[in-house]
Amino acid sequence: MAMNDKASSSPETVSFGYEDVTPEEKTRRVGAVFTSVAQKYDVMNDAMSAGMHRLWKDRFVKRVKPQPGEQVLDMAGGTGDIAFRMVARGAHVTVADINQEMLDVGAERAVERGGSEDEGSLVFTRQNAEEVDFASNSFDAYTIAFGIRNVTHIDRALAEAHRVLRPGGRFFCLEFSTVEWSGLKEAYDIYSDQLLPRMGQVIAGDADSYRYLVESIRKFPRMAEFERMIAEAGFVNTKVEPIMGGLVAIHSGWKV
């Protein structure tokens, strides 16, 4: 009986890369990672993907099909990469991110664009994906690109995404996944294990943060499992679209 009592009182742990840490520690350490890499984030994305991340994001936004006047919540979108693409199509986008440094980068980029976006069409706000400060049924679409694997409790973030969407609203997620093409998988494993941390050190002066980002990809649920989690959050007509054999994937679902 004493053993059961002890087990029931054990603290919850979640994965931070290959480590098991408390939820509070993961939130703190993920925040530190993105604070460290914020200023070099887009430069590193170009280097790590040979610029392909831009094509993936273009494809992602085409799948979202933002319409003029629609209200879109772009979660974990601090640097504005996805938001700028959707605003160009006439959508009103709220960019949310838990990390203020990432939001600052996005706001600076918006200023550098010369205020080309219509007033009020782009808003930056600090938010925790697990508990956002928006009313239910507020948005026509919810997007998250390369961010959900860093959320401490993914199920809570998905539940919040479902809550804030209006009936008929759509959820779209772009995320690194598990490569299923033989040959590419082995080559990618070598590249991510041996080269990416070195690139992080050379370009951003931070090998550890990029080592964590590689580990976080490895720990993220496989495509079918993540699709199941989206369905369990209440979404219907869920779909997964692998890109490059699952190197990245677009997941989607609708709220009824």
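Contact here means heavy atoms within 4.5 Å. The exercises below concern a predicted model.

**Exercise 1.** Determine which residues histidine 162 touches, not counting residues up to four places away in sequence, and decide whether histidine 162 is buried or exposed.

*Solution.* Begin with the location: histidine 162 is part of helix α7. Applying the contact criterion, and leaving out residues up to four places away in sequence, one finds that histidine 162 touches Ala233, Gly234, Phe235 and Lys255. For the second part, the cut-off for a buried residue is under 20% relative accessible area, and histidine 162, at 18% relative accessibility, therefore counts as buried.

**Exercise 2.** Work out where the buried residues of helix α10 fall when seen down its axis, and against which elements they pack.

*Solution.* First list the buried residues of α10 (residues 223-232), which are Met223, Phe226, Glu227, Met229 and Ile230. Seen down the axis of α10, these residues fall within an arc of 155°, so they line one face of the helix. The general background is that an α-helix has 3.6 residues a turn, so residues three or four places apart point the same way. Next, turn to the other side of α10, where Ala224 and Glu232 are exposed. Finally, the packing partners of the buried residues are α7 (154-164), β7 (165-176), β8 (236-243) and β9 (248-254). After α10 comes glycine 234, with a positive phi near 110°.

**Exercise 3.** For phenylalanine 146 and asparagine 237, establish the value of phi and state whether each residue is buried or exposed.

*Solution.* As a starting point, most residues other than glycine have a negative phi. Phenylalanine 146 has a positive phi near 55°; this residue sits in the loop between β6 (139-145) and α7, and with a relative accessible area of 8% it is buried. Asparagine 237 likewise has a positive phi, near 50°, but its place is in strand β8, and at a relative accessible area of 62% asparagine 237 is exposed.

**Exercise 4.** Describe the surroundings of strand β3 (residues 71-75), and identify which residues stand opposite leucine 73 in β4 and in β6.

*Solution.* Consider burial to begin with: 4 of the 5 residues of β3 are buried, so the strand is largely enclosed by the rest of the structure. Then examine the pairing with β4 (residues 92-97), which is parallel and extends over 5 bridges, with leucine 73 opposite threonine 94. Between these two strands the chain passes through helix α5 (residues 81-87), in a β-α-β crossover that is right-handed. The pairing of β3 with β6 is also parallel and comprises 4 bridges, and there the bridge partner of leucine 73 is tyrosine 142.

Key:
Residues numbered from 1 in each chain as written. Predicted model: local features only at pLDDT ≥ 70, side-chain atom pairs only at ≥ 80, totals over all residues. Heavy atoms only, no water. Buried < 20%, exposed > 50% of the residue type's maximum accessible area, 1.4 Å probe, protein only. Arc of directions from axis to C-beta. Pairing = 2+ DSSP bridges. Right-handed = clockwise from strand over helix to strand, strands pointing away.
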